[in-house]
Amino acid sequence: MDKLIANVDEAVADIPDGASIAFGGFFTCGSPIFLTEALAKQGAKNLTIIAQTIGVGNWELNLLINNHQVKHAIANYPFSRSVSKPTPFEKQLRAGKVTCEVYPMGTFIEKLRAGGAGIGAFYTPTGAGTIVAEGKESRIINGREYLLEYALKPDYAFIHAWKADHMGNVIFRKTAQNYNPEMAKSARITIVEAEDVVEPGQLDPNTIHLPGIFVKRIVKVARPKIRIGIDQAPSEASLSWVGST
């Protein structure tokens, strides 16, 4: 089945208001820049976004924040006070315009992995005995307290890949793999932007990181430049650029 879509605008055209979307990438590495830009242009509102961080490194998410398209975020590093000024997301959070859930990195990725594996919930000791435990079910396992955490199953996942074929088999480049496989497997509809799209059979099966069964749409994009900055538009000359991932 050929899953190639003509362009990023077409790939995100049917995303409705209120959708939940997982955005792959770890800071600047492996972020789905082109799909996110297309979603900002498309304009879907009241979104729940799931991402490692929000607008710190993955600047493109600020397009959605500044457009007031986001109502809720799930992250493990939503903003950084090490920067010289608050991010757009932090400003909206403090103003009560958005809400946020924060999870430790291991719990965050396990919630996604569980969603992709068909596991409804799991127990973890992380956060037990702290404010994180408030309102959560817990139990003692082998003499230690564990918290019940529920799986994440977003409606969509936006994923950036190095190579893909028309059937949706995907290869990531080095550490750009990061959260992408787990997010792709957990989502109902996974959309992959790939720097290179080849015919079926041209990828070595032993090198596939994400099988095509988890992918619904593929769109070819240019090789991105990775931007160092917080909340400015990508065209601003004051920002630095480094090589793509």
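Trainee: Before I look at Tyr77, what does "partly exposed" mean here?
Mentor: Buried means under 20% relative accessible area, exposed means over 50%, and partly exposed is in between. Tyr77 has 32% relative accessibility, so Tyr77 counts as partly exposed. Keep in mind that this is a predicted model.

Trainee: How many aromatic pairs are there in the whole structure?
Mentor: A search of the whole structure finds five. One of them is Phe26 with Tyr179, an edge-to-face pair with 6.0 Å centre to centre and 70 degrees between the planes.

Trainee: Where do Phe26 and Tyr179 sit along the chain?
Mentor: They are 153 residues apart, and the pair links distant parts of the chain. Phe26 is in the loop between β2 (20–23) and α2 (33–42), while Tyr179 is in the loop between β10 (170–171) and α6 (180–186).

Trainee: And Tyr179, buried or exposed?
Mentor: Tyr179 is buried, with a relative accessible area of 6%. Phe26 has 29% relative accessibility, so Phe26 counts as partly exposed.

Trainee: Back to Tyr77, then. Why is its pair with Phe27 called edge-to-face?
Mentor: Planes over 60 degrees apart count as edge-to-face. The planes of Phe27 and Tyr77 are at 65 degrees, with ring centres 5.5 Å apart, so the pair is edge-to-face.

Trainee: Which parts of the chain does that one link?
Mentor: Phe27 is in the loop between β2 and α2, and Tyr77 is in the loop between β4 (70–75) and α4 (88–94). The two are 50 residues apart. Phe27 counts as partly exposed, at 25% relative accessibility.

Trainee: Which residues form the aromatic cluster?
Mentor: Phe26, Phe27, Tyr77, Phe108 and Tyr179 form one cluster.

Trainee: Different topic. Which charged ends sit over rings?
Mentor: Among them is the charged end of Lys111, which sits over the ring of Tyr103, 4.4 Å from its centre. The charged end of Arg188 sits over the ring of Tyr156, at 5.6 Å from the ring centre.

Trainee: Now Thr124. Where does it lie?
Mentor: Thr124 lies in strand β6, which covers residues 121–124.

Trainee: Why does Thr124 count as buried?
Mentor: Its relative accessibility is 9%, so Thr124 counts as buried.

Trainee: What is Thr124 in contact with?
Mentor: Leaving aside neighbours within four places in sequence, Thr124 is in contact with Thr107, Tyr146, Leu147 and Glu149.

Trainee: What lies 3.2 Å from a polar atom of its side chain?
Mentor: The backbone nitrogen of Thr126 lies at that distance from a polar atom of the Thr124 side chain.

Terms used: Residues are numbered from 1 along each chain as its sequence is written. This is a predicted model: local features need pLDDT of at least 70, side-chain atom pairs count only at pLDDT 80 or more; totals for chains, interfaces and linings use all residues. Side-chain values use heavy atoms; hydrogens and water are left out. Rings of Phe, Tyr and Trp (its six-membered ring) pair if their centres lie within 6.5 Å; planes under 30 degrees apart count as stacked, over 60 as edge-to-face and the rest as tilted. Helices (H or I, at least four residues) and strands (E, at least two) are DSSP runs, numbered from the N terminus. Buried means under 20% relative accessible area, exposed over 50%, partly exposed in between (1.4 Å probe, protein chains only). A charge sits over a ring if NZ of Lys or CZ of Arg is within 6 Å of the ring centre and within 35 degrees of the ring normal. A polar contact is a pair of N or O atoms within 3.5 Å; within protein, one must be able to donate a hydrogen and the other to accept it, and residues adjacent in sequence count only if both atoms are side-chain atoms. Contact means heavy atoms within 4.5 Å.
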